[in-house]
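Thanks for coming. I have one structure to walk through, and I will keep to what can be read from the coordinates.

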Amino acid sequence: MFRFSTAGESHGPVLISLIEGVPAGLPVVAEQIDRELRRRQGGYGRGGRMRIESDRADIRSGVRHGETLGSPIALQIRNRDWENWTLAMSAAPLEGDVDEEDLRPVYLPRPGHADLVGVLKYDRYDARDILERASARETAARVAAGSIAKRLLEEIGVRIGSHIVMLGGIEAKLPDVVPEDLNASSDASPVRCLDPEAEGRMIEAIDDAKRNGDTLGGVFEVVVRGLPIGLGSHVSWDRKLDGRLAGAVMSIQAIKGVEIGMGFESGARPGSRVHDEIVVDDSGYGRAGNAAGGLEGGITTGLPVVVRAAMKPISTLMRPLRTIDIRTGERGDAVRERSDVCALPAAGVVGEAMVAIVLASAVLEKFGGDSLGELRRNFEAYRSYLSTRVSPSS
Ligand code: EPS
């Protein structure tokens, strides 16, 4: 299985990704990881932090001479902003006289952030103890891990992209067929949107929100092509791939809803207008549509996997909402920290990473292998088995 965990605070010295289960012999170079990290840093609506950082991954273990060893891969991303936070985020106990302001404490929790529930649960008084880890800065480490998962998937012909389908209530007109190289098109747009007319209105909406001290969310869509039939399983709840994808995407900071394929709309239609009829075409079994979003019974159908996620607006508002001071219990305005007006375009990149991680795990479960060669052989054997099944009329 592809397993990963992350460590690091937003203004600590580094972010770390630890990845296990990657077979030996997978070509990996830092530039590929960095390219993904750069994509996450972009997007119209980002705040000042992204001008400070230029995220790069140092490969600390698990790779030798450009190829994985099968051992745990440790990736480290430096927080450049750390230089401005050495006292406030010091790991060492405080010594001597310290001005409390220099510790940048947060006593006015933001509605919508983890600030309040975190301090109560973990018995802290300074919400910085919570928000430093709850921050979406952590998603840089996810994207680094996701880039390794993408690398693995590329080896069997799987391609992942994303785009923004709605931002702040403005819906993009979707093309009948999403472009083959989705990211080549979406990354060319400042809001990663395929509809130029909607793009203009989205940018205006972000500018308006900024002027009003407000923030905006929206919906992104991840599309995965080239998956074989048969990843995931119907046999147990925790092996259903749709459930695993939804959980992974829902775990991204600020995500409040996930749907697969037609999603919520399918609950409003009769079955005759939802299910993708089974047909035979040149390559064997085919489908008349893809309302299922590439998954039936928790198993891939071989059609594109389509996952959408709704991101709520960022909870740091420059025109703050009402809150209660943790020290005094008195009313106050929520803390204003430097933040983004809209991080939806970046969230799409993070969504790609989480989807890639779940799919890489499902690929390794099905095809196994200690080496890339073994994985490939197992994959090819399965493909040739499938080719004996997909021409029922012959
Ligand atoms: C982020 C870095 C953060 C925020 C944002 C995401 O940097 P800073 O807090 O120093 O401005 O820009 O995090 C949040 C919106 C949040 O609510 O925590 C990043 O690297 O993506």
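I will go through helix H1, the ligand, the strands and the nonpolar cores.

First, the ground rules. This is a predicted model, so local features need pLDDT of at least 70 and side-chain atom pairs count only at pLDDT 80 or more, while totals for chains, interfaces and linings use all residues. Residues are numbered from 1 along each chain as its sequence is written, and side-chain values use heavy atoms, with hydrogens and water left out.

Let me start with helix H1, residues 30–41. Helices here are DSSP runs of H or I with at least four residues, strands are runs of E with at least two, and both are numbered from the N terminus. The expected span of a helix is 1.5 Å times one less than its number of residues. H1 has 12 residues and should therefore span 16 Å; its end C-alpha atoms are 17 Å apart, which agrees. After H1 comes Gly43, with a positive phi near 105 degrees.

Which residues of H1 are buried? They are Ile33, Asp34, Glu36, Leu37, Arg39, Arg40 and Gln41. Buried means under 20% relative accessible area, exposed means over 50%, and partly exposed is in between, with a 1.4 Å probe and protein chains only. The cover over these residues includes helix H2 (49–52), strand S3 (57–61), strand S6 (73–78), helix H5 (139–154), helix H6 (182–186) and H9.

Arg40, in helix H1, deserves a stop. Its relative accessibility is 3%, so Arg40 counts as buried. Contact means heavy atoms within 4.5 Å. Beyond four places in sequence, the contacts of Arg40 include Arg46, Met50, Asp55, Arg137, Val143 and Val350. Its side chain also makes a polar contact of 2.8 Å with the side chain of Thr139. A polar contact is a pair of N or O atoms within 3.5 Å; within protein, one must be able to donate a hydrogen and the other to accept it, and residues adjacent in sequence count only if both atoms are side-chain atoms.

Two of the helices covering H1 can be taken briefly. H5 has 16 residues and reaches 22 Å from its first C-alpha to its last, close to the 22 Å expected. Of those 16 residues, 15 are buried. In helix H6 we find Leu182, which is buried because its relative accessible area is 4%. Leu182 touches Gly161, Ser162, His163, Leu194 and Val223, leaving out residues up to four places away.

Now the ligand. Which residues come nearest to it? Of the 13 residues around it, the answer is His11, Arg40, Arg49, His113 and Arg338; a residue is near a molecule or strand if one of its heavy atoms lies within 4 Å. An N or O atom in the side chain of His11 is 2.6 Å from a ligand oxygen atom. Polar side-chain atoms of two arginines also face ligand oxygen: Arg46 at 3.2 Å and Arg137 at 3.1 Å.

On to the strands. Two strands pair if DSSP finds at least two bridges between them. One open sheet has five strands in the order S8-S7-S9-S15-S10, with antiparallel pairing. Strands S8 (170–171) and S10 (255–260) are at the edges with a single partner strand each, so one side of each has no neighbour in the sheet. S8 pairs with S7 (residues 159–167) over two bridges, and Met166 has Glu171 in S8 as its bridge partner.

There is also a hairpin, formed by S11 and S12 with two residues between them. Four bridges join S11 (residues 278–281) to S12 (residues 284–287), and the two run antiparallel. Val279 is bridged to Gly286 in S12.

Last, the cores. A nonpolar core is a set of buried Ala, Val, Leu, Ile, Met, Phe, Trp, Tyr and Cys residues joined through side-chain atoms within 4.5 Å. The largest has 80 residues, and those with the most contacts inside it include Phe2, Ile148, Phe220 and Leu245. Helix H9 (residues 344–367) gives the largest share of this core, 16 residues. Leu245, leaving aside neighbours within four places, is in contact with Leu295, Val305, Val307, Val355, Val358 and Leu359. Another core lies apart from it, with seven residues, among them Val106, Ala127, Ile326 and Val335.

For contrast with the buried residues, Arg64 in strand S4 (residues 63–64) counts as exposed, because its relative accessibility is 53%.
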